[in-house]
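Hello,

Here is the structure I promised to hand over. Please have a look at it first, and then read on for my notes on what was found in it.

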Number of protein chains: 2
Amino acid sequence: MKKIEINLHINPKTYVKNPVTTDLGKKILENSVILIDELGLEDFSFRKLAIRISSTESSLYRYFENKHYLFIYLLNWYWEWTSTRIDLKLINVKEPEEKLKLIIRTLIDSSMKNADSPFIDEEILHRIVVREGTKAYHHKLVDTENEYGFFLSYKTLCKKISDVIIELSHNHQYPKTLASTLVETANNNLYFAKHLPRLTDIKEEKDPEVINDDLFQILHHLAMSSIKNRNENQVENKPKVNGNKIELLNL
Amino acid sequence: MKKIEINLHINPKTYVKNPVTTDLGKKILENSVILIDELGLEDFSFRKLAIRISSTESSLYRYFENKHYLFIYLLNWYWEWTSTRIDLKLINVKEPEEKLKLIIRTLIDSSMKNADSPFIDEEILHRIVVREGTKAYHHKLVDTENEYGFFLSYKTLCKKISDVIIELSHNHQYPKTLASTLVETANNNLYFAKHLPRLTDIKEEKDPEVINDDLFQILHHLAMSSIKNRNENQVENKPKVNGNKIELLNL
DNA sequence: TAGTTGTGATAGTAATACTACTATGATTGA
DNA sequence: TCAATCATAGTAGTATTACTATCACAACTA
């Protein structure tokens, strides 16, 4: 069976020179994913990458302004890749509830049997995203980079999810938060299951199939609970008790 | 009105010498919070901090092994501080639903009228936590640092929340994930509201009171939906459709 | 054949993230 | 009251990062 070759459109502002157009560019993408996975983002450097691919630092700077931009490129690739996989899976699916299930599955799994990228290893990239993906936008320069459109692919992905939520519950009050929460919670719980198991209900297990099934149930429950709960009356927010009682402790 | 002076217990493995025992130590805590807020974690350095407080790099290294450990210290302080605030607020509260509301409020707000820390500015620290708090555990050395107990305070905080969830719904299947999701979603949505508004349903607003009220409703809805949904039958996970249909695209 | 493209080689700068060692005034406790 | 130690400052040095700049050169392209 021939696989579909994926060529994703990535925001040109993330790179100086389009890496997919040359051999060295492709080598940069392929090996940066492997090296970031091995070393972690902070210990990864252009020098180490240059040594690994028998090139030079200055050559790498011809493709990406710095390692952060390269990281942003990879994240954009991941978000586009995930959106594409969702699109492919949703072809011919009419039922919105089935759509949501397929979306959740896609957020948990990184691989896709029928589609394939020539140089980026999606499974390794997914590991990176789970471990340090949020670093792409959690820093001082978000606003500038947001103006460059660095997070458009992420927003598009979330929009796609929130549209399905709205299909399921036309008047849902919080589709955007629910969408981004599903994406973030999927990654967080995969990470927690591996490193901080007390923060998740995924059973401590080695088998990734079982972990993914657990997580599917968790996310599905979270999403469908919110979708089915059409309680539209706002809740009393301000606390009535306490405040004065705390003063007792002031003695 | 006299405020309660807070002195929190922080894991001694995070520091070389306990910073609260000396003047320089307190200055380090106070000013690192301010400087990290100003510069962001990556641009913050011991050199810059030393200059700011008219000390030297080598002096700072007597308190913290490196800036990451100092960051971990601050995060632990925040988690302990949040746990303490929850404890104080829940005194004399019997109703579990009221407890959950107070917890959500505490996760959103950083300040507390009745309690106060002498050197760490909790509002600035909260801003740091919202922007880059997850960096504390999203890196290559989590497992080692987890063994040192660097994340115990975070786990304790989540445990506290999940206990209330269990109080509300004795047989809830996913209290741990729901607890950590509430904490993470609170921070994420505060961040999104400021920088990536399309990822949240918080209305674009300048008034922090309105933002916090919006977020309260969102988190309350998310939590109570899941708690009230006692649908215990597992959902069919594997997709039945597609798979073969995708092959049509292989031409 | 001249020009462009892609890459490599070399060198240099400023900053980071430390480590090591010395010096000094203040406190304390035997 | 004298020695010890504590808290801090100062000075110097190393390895690495995160770049920037310049020149050389081979391959391909018009």
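A definition to begin with: helices (H or I, at least four residues) and strands (E, at least two) are DSSP runs, numbered from the N terminus. Please keep in mind that this is a predicted model, where local features need pLDDT of at least 70 and side-chain atom pairs count only at pLDDT 80 or more, while totals for chains, interfaces and linings use all residues. Residues are numbered from 1 along each chain as its sequence is written, chains are lettered from A and ligands numbered from 1 in the order in which they are written, and side-chain values use heavy atoms, with hydrogens and water left out.

Let me start with DNA strand C. H3 of chain A, together with helix H2 (46-52) and H3 of chain B, each supply at least two residues of the surface near this strand, where "near" asks for a heavy atom of the residue within 4 Å. H3(B) gives the most, with 3 residues. In total, 20 residues surround DNA strand C, and the closest are Ser55(A), Arg62(A), Tyr63(A), Tyr61(B) and Asn66(B). By class, this surface has 3 nonpolar, 9 polar and 8 charged residues. Here Ala, Val, Leu, Ile, Met, Phe, Trp, Tyr, Cys and Pro count as nonpolar, Asp, Glu, Lys and Arg as charged, and the others, Gly among them, as polar. Of the atoms of DNA strand C within 4 Å of the protein, 53% belong to sugar or phosphate and the rest to bases.

Which side chains have a polar atom close to a phosphate oxygen of DNA strand C? Among them is Lys17(A), at 3.1 Å. Ser59(A) has a side-chain N or O atom 3.2 Å from a phosphate oxygen of this strand, and for Lys48(B) the distance is 3.2 Å. A polar contact is a pair of N or O atoms within 3.5 Å; within protein, one must be able to donate a hydrogen and the other to accept it, and residues adjacent in sequence count only if both atoms are side-chain atoms.

Now for DNA strand D. Of the 20 residues around it, Asn66(A), Lys17(B), Ser55(B), Arg62(B) and Tyr63(B) come nearest. Sugar and phosphate make up 55% of the atoms of DNA strand D that come within 4 Å of the protein. Phosphate oxygens of this strand lie 2.6 Å from a polar side-chain atom of Ser55(B), 2.8 Å from one of Lys17(B) and 3.3 Å from one of Lys48(A). Two or more residues each come from H2 and H3 of chain A and from helix H1 (23-39) and helix H3 (57-61) of chain B. The largest share, 3 residues, is that of H3(A).

Away from the DNA, helix H1 (residues 23-39) of chain A is worth a look. Its 17 residues should span 24 Å at 1.5 Å a residue, and its end C-alpha atoms are indeed 24 Å apart; the expected span is 1.5 Å times one less than the number of residues. At the N-terminal end of H1(A), Thr22(A) acts as a cap, with a side-chain oxygen 3.0 Å from the backbone nitrogen of Gly25(A). Just after the helix, Gly40(A) takes a positive phi of about 85°. The buried residues of H1(A), which include Ile28(A), Leu29(A) and Val33(A), pack against H2, H3, H4 and helix H6 (122-132) of chain A. Buried means under 20% relative accessible area, exposed over 50%, and partly exposed in between (1.4 Å probe, protein chains only).

Two loop residues of chain A have a positive phi without being glycine. One is Ser54(A), with phi near 50°, in the loop between H2 and H3; Ser54(A) is exposed, at 69%. Asn92(A), at about 70°, is in the loop between helix H4 (67-90) and helix H5 (96-108) and is partly exposed, at 42%.

Finally, Asn188(B) in helix H9 (residues 175-195) of chain B is buried, at 8%. Leaving aside neighbours within four places in sequence, Asn188(B) is in contact (heavy atoms within 4.5 Å) with His138(A) and Glu184(A).

Best wishes
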